[in-house]
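Colleague: I'm new to this one, so could you walk me through it and tell me how the labels are earned? I'll keep asking why.

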Amino acid sequence: MASQDQSGQNVATNGKTKVILYWLEKSRAQRILWLLEELKVDYELKTYKRVNMLAPPELKQIHPLGKSPLVSVQAEGAAEPLVLAESGLITEYLVDHFGPSLAPKRWQEGKENQVQGETEEWLRYRYFMHYAEGTLMPYLVTALLFKALKAKSPFFIKPIVNAIAGNVETLYLNPNMASNLSFLESQVKSAPNGGGYLCGSQLTVADILMSFPLGAAKGRSGFTQEKYPALWAYVGRLEEMEGYKRAVQKIIDVEGSYDPSL
């Protein structure tokens with residue numbers, strides 16, 4: 001079954017389609033939960049706890065890599081569910097079928113299907129869909145690993161580990177994070193159509209993908225309100241959205257608390 005959204009695009013209604021989100025604490029899965037809330041589709045939530053910082057082995061029963069997020073989608077009459085891994089694929093699939101209004105208009109008027117005929121909003125959307133995982137998240141994950149390494153090192157080698165980690169932070173992580181935060185500050189300020197979000201005046205799924213790394217970076221990695229006021233305000237707007245708050249509350253209801261940090 002399909003309906004049309006406000007832009008006139010065909011939108012699937014999930015009806016008897018069964019959607020399951022396999023959610024892991026302190027993971028990228030939280031933004032998929034927010035997306036499902038924005039899409040207003042019926043879904044089942046299954047939550048998992050980390051074991052020694054890693055995903056539990058039970059997730060390998062869903063997907064061979066045993067990572068999260070994972071989403072399974074089973075249409076009425078389908079023999080087996082479709083299991084989706086990787087945040088980018090999950091978000092694109094869900095938006096394509098259940099909420100294309102969360103992606104900007106692709107073509108400029110009169111330039112449909114032409115090279116360089118895309119709108120600025122759409123090009124930003126596609127860029128940030130890849131940037132979130134391809135550029136920003138690796139720095140944050142590296143910082144997390146070095147933080148854990150310093151905390152868990154035996155006392156007799158801790159000075160050596162701290163020195164190595166300090167050099168990596170000074171020479172690699174800190175300057176790269178500063179470059180990326182400055183870039184994002186400028187992108188928020190220059191967003192088209194009056195801005196408000198990274199791709200323009202409307203929320204897109206790219207904003208949802210960006211919410212996790214930016215939320216995790218707040219107050220650390222050099223990301224402060226004083227240095228990056230526009231970016232800080234942008235993250236605050238995302239965290240005040242009703243869909244975001246519903247997703248957080250859902251985890252609080254199930255798990256008893258929610259921690260946005262990595």
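Colleague: Which residues lie nearest the centre of the largest pocket, and how many line it?

Modeller: Keep in mind that this is a predicted model. Its largest pocket has 32 lining residues, and L24, R28, R50, M53 and K67 lie nearest the centre. The space in there is about 820 Å³. Helix α3, residues 120–152, gives the most to the lining, with 8 residues. By class, the lining has 18 nonpolar, 5 polar and 9 charged residues.

Colleague: What makes the largest cavity a cavity and not a pocket?

Modeller: A 1.4 Å probe fits in a cavity but cannot get out, whereas a pocket is open. The count comes to 1 cavity of 30 Å³ or more. About 110 Å³ of space lies in the largest cavity. Its lining has 14 residues, with Q30, S211, F212, Y244 and Y258 nearest the centre. The elements giving two or more residues to that lining are α1, α5 (205–217), α6 (229–239) and α7. Helix α5 has the largest share, 4 residues. Sorted by class, the cavity lining is 9 nonpolar, 3 polar and 2 charged.

Colleague: How do you know that β3 and β4 pair?

Modeller: Pairing takes at least two bridges. Strand β3 (residues 18–24) and strand β4 (residues 44–48) are joined by 5 bridges, so they pair, and they run parallel. Between them the chain passes through helix α1 (residues 29–39), and this β-α-β crossover is right-handed. At the pairing itself, L24 stands opposite Y48 in β4.

Colleague: Why is the contact between E76 and K16 called a salt bridge?

Modeller: The cut-off is 4 Å between a side-chain nitrogen of Lys or Arg and a carboxyl oxygen of Asp or Glu. E76 and K16 come in at 3.7 Å, N to O, so the pair qualifies. E76 sits in the loop between β5 (70–74) and β6 (82–85), and K16 in the loop between β2 (10–12) and β3, so the pair ties together parts 60 residues apart in sequence. The structure holds 16 salt bridges.

Colleague: What makes E76 and K16 exposed?

Modeller: Exposed means over 50% relative accessible area. E76 has 58% and K16 has 65%, so both labels hold.

Colleague: Which part of the chain does K26 tie to the segment after α7?

Modeller: K26 forms a salt bridge with D259, with the closest N and O atoms 3.4 Å apart. K26 lies in the loop between β3 and α1, while D259 is in the segment after α7 (242–255), so the pair ties together parts 233 residues apart in sequence. K26 is partly exposed at 34% relative accessible area, and D259 is partly exposed at 35%. Elsewhere, salt bridges that share partners join E25, K49 and E255 into one network.

Colleague: How far apart are the closest N and O atoms of E25 and K49?

Modeller: They are 3.9 Å apart, and the pair forms a salt bridge. E25 is in the loop between β3 and α1 and K49 in the loop between β4 and β5, 24 residues apart. K49 has 46% relative accessibility, so it counts as partly exposed, since that label covers values between 20% and 50%.

Definitions and conventions. Residues numbered from 1 in each chain as written. Predicted model: local features only at pLDDT ≥ 70, side-chain atom pairs only at ≥ 80, totals over all residues. Heavy atoms only, no water. Right-handed = clockwise from strand over helix to strand, strands pointing away. 1 Å grid on protein atoms, 1.4 Å probe; cavity = no way out; pocket = protein on both sides within 12 Å on 5 of 7 lines; lining within 4 Å. Points joined across faces, edges and corners; volume = space filled by probe spheres on them. Nonpolar A, V, L, I, M, F, W, Y, C, P; charged D, E, K, R; others polar. Buried < 20%, exposed > 50% of the residue type's maximum accessible area, 1.4 Å probe, protein only.
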